[in-house]
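Subject: Structure for you to look at

Hello,

Here is the structure I said I would pass on. Please open it alongside the notes that follow.

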Amino acid sequence: MTNVIQKKFLGIITRRERWGLSWLGWLILVLAGLLMAILLLLNVQPFLAKTQRVNANILVVEGWIHEYAIRVAAEEFKAGSYQKIFTTGGPLMGTDGYANDFNTSANVGAELLTKVGVPDEFVQMVPSHIAGRDRTYRSAVALRDWFREHNVTVRSINVLTEDAHARRTQLLFQKAFGANVAVGIISVPDPDYDAKHWWRTSEGVREVLDEGIAYVYARIFFHPPEIFSEK
């Protein structure tokens, strides 16, 4: 149908017919929006809390994780074909920046692993010395630099972390190590909420929303320099 245009006052003002949604069109649009919202509710937590192992003999554990996840890490190490388990993390939260290696989450994670039965000789802490923003990425860079300094050739690693933090952890470790290293990820479920109904508890809402926003930032807006080192 041809648009009808009416002009008045020497063409200064025009009146144009246009197409718009009917009540049925608005109903379909609203229902489609509700369907998308439901799909998001059902799938966002599994999307963030992914587990995707690769064939690797190195297990990396983020040192800040809670003791229930540390126990899972110990079981993973014993059950897999790992030769070494590395813990990462920077200065402890609430401290005034880096003081020494023992005041880092990497050291806390290493101590907890030995506490739950992993022999000392298989555990290596690799602390980050930088506090503040981008802690996961900086921890990954510290581990990458440690491998280079000790002439350790790495082709693949599995990183163990907690719950919805997993997809972002995998992304940032992959950014740090580059395309030549396969980065697997292992997510340990948070026992404080039901992952299938995460929106029913404040813990689940806080975890999923925080990590969802952080993942979008890491995926779209975080662009580390091509050459970055803690040194």
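Below is what was found, beginning with the sheet and ending with helix α1.

Please keep in mind that this is a predicted model.

The sheet is open and has five strands, in the order β5-β4-β3-β6-β7, with parallel pairing. Its edges are β5 (123-127) and β7 (182-188), each of which pairs on one side only. From one strand to the next the twist averages 25°.

Within the sheet, β3 (residues 58-62) and β4 (residues 84-89) are joined in the parallel sense by five bridges. Val 60 has Phe 86 of β4 as its bridge partner.

Two helices can be placed against these strands. Helix α2 (residues 67-79) packs on the sheet, where it touches β3, β4, β6 (156-162) and β7. The direction of α2 makes about 155° with that of β6. Helix α3 (residues 105-115) lies across β4 and β5, and runs at about 145° to β4.

Then there is helix α1 (residues 23-48). It has 26 residues, so at 1.5 Å a residue it should span 38 Å; the C-alpha atoms at its ends are 37 Å apart, which agrees. The helix does bend, by about 35° at Leu 42, and a proline, Pro 46, follows within four residues.

Which residues of α1 are buried? They are Gly 25, Val 44, Gln 45 and Leu 48. What these buried residues pack against is α5 (166-177) and α6 (202-221).

Regards

Technical notes
Residues numbered from 1 in each chain as written. Predicted model: local features only at pLDDT ≥ 70, side-chain atom pairs only at ≥ 80, totals over all residues. Heavy atoms only, no water. Pairing = 2+ DSSP bridges. Axes fitted to C-alpha atoms, helices over the stretch in contact; angles between N-to-C directions. Contact = heavy atoms within 4.5 Å. Expected span 1.5 Å × (residues − 1). Bend = angle between axes of the 7 residues up to and from the residue. Buried < 20%, exposed > 50% of the residue type's maximum accessible area, 1.4 Å probe, protein only.
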